[in-house]
Amino acid sequence: MTAAEHFAQGRAHAERGELTEAFLHLERSVQLSPENAEACKLLARLSLAVNEVRAFQCWCHEAARIDPRDPEPHLMMAAVFEEKNRQVEAAEARQRAAALTARV
């Protein structure tokens with residue numbers, strides 16, 4: 001299977017709530033195509049869904065590294081920080097996202 005096929009399979013499994021299979025396919029997609037920011041963001045969302053906050057943060061950071069112009073990973077982290085009452089980190093993440101959005 002190609003990276004794109006694994007990504008499509010991972011997304012389909014995620015939509016059906018089949019998280020174990022989704023993780024397997026998405027992680028394989030990233031292994032085959034390490035510059036897939038969309039796969040990293042989906043892995044971040046799935047990690048959060050299973051309460052793996054550290055993995056969520058790692059995947060957000062990886063997505064931001066791959067596509068430094070994308071504000072979405074920063075917005076995702078800001079929302080989680082706000083939920084956890086970590087206002088300073090939430091504000092920093094929102095500022096990074098706003099700076100990126102202003103450049104678009």
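Below are four short exercises on the structure above, each with a worked solution.

The structure is a predicted model, in which local features need pLDDT of at least 70 and side-chain atom pairs count only at pLDDT 80 or more, while totals for chains, interfaces and linings use all residues. Residues are numbered from 1 along each chain as its sequence is written, and side-chain values use heavy atoms, with hydrogens and water left out.

**Exercise 1. Helix 2**

Compare the expected span of helix 2 with the distance between its end C-alpha atoms, then state which of its residues are buried and what covers them.

Solution. Helices here are DSSP runs of H or I with at least four residues, numbered from the N terminus. The expected span is 1.5 Å times one less than the number of residues, so the 14 residues of helix 2 (residues 19-32) should span 20 Å, and this agrees with end C-alpha atoms that are 20 Å apart. Next, taking buried as under 20% relative accessible area, exposed as over 50% and partly exposed as in between (1.4 Å probe, protein chains only), the buried residues of helix 2 are Ala-22, Phe-23, His-25, Leu-26, Ser-29 and Val-30. Finally, the cover over these buried residues includes helix 1 (3-15), helix 3 and helix 4.

**Exercise 2. His-74**

Decide whether His-74 is buried or exposed, and list its contacts beyond four places in sequence.

Solution. His-74 is located in helix 5, and its relative accessibility of 10% makes it buried. With contact meaning heavy atoms within 4.5 Å, and with neighbours within four places in sequence left aside, His-74 touches Ala-64, Ala-93, Arg-96, Ala-97 and Leu-100.

**Exercise 3. Cysteines**

Determine how many disulfides the model holds.

Solution. A disulfide is a covalent bond between the sulfur atoms of two cysteines, and the rule used here asks for a pair of cysteine sulfur atoms within 2.5 Å. For Cys-58 the closest cysteine sulfur is that of Cys-60, at 9.5 Å, which is too far for a bond. The count is therefore zero disulfides. As to their surroundings, Cys-58 is partly exposed at 46% relative accessibility, whereas Cys-60 is buried at 1%.

**Exercise 4. Positive phi**

Find where Asn-51 and Asn-85 lie, and give the phi value of Asn-51 and of Asn-85.

Solution. Asn-51 sits in the loop between helix 3 (37-49) and helix 4 (53-66), and its phi is near 65°, a positive value in a residue other than glycine. Asn-85 belongs to the loop between helix 5 (72-83) and helix 6 (87-103), and its phi, also positive in a residue other than glycine, is near 60°. Asn-51 is exposed, at 57% relative accessibility, and Asn-85 is exposed with a relative accessible area of 60%.

Definitions and conventions. Helices (H or I, at least four residues) and strands (E, at least two) are DSSP runs, numbered from the N terminus.
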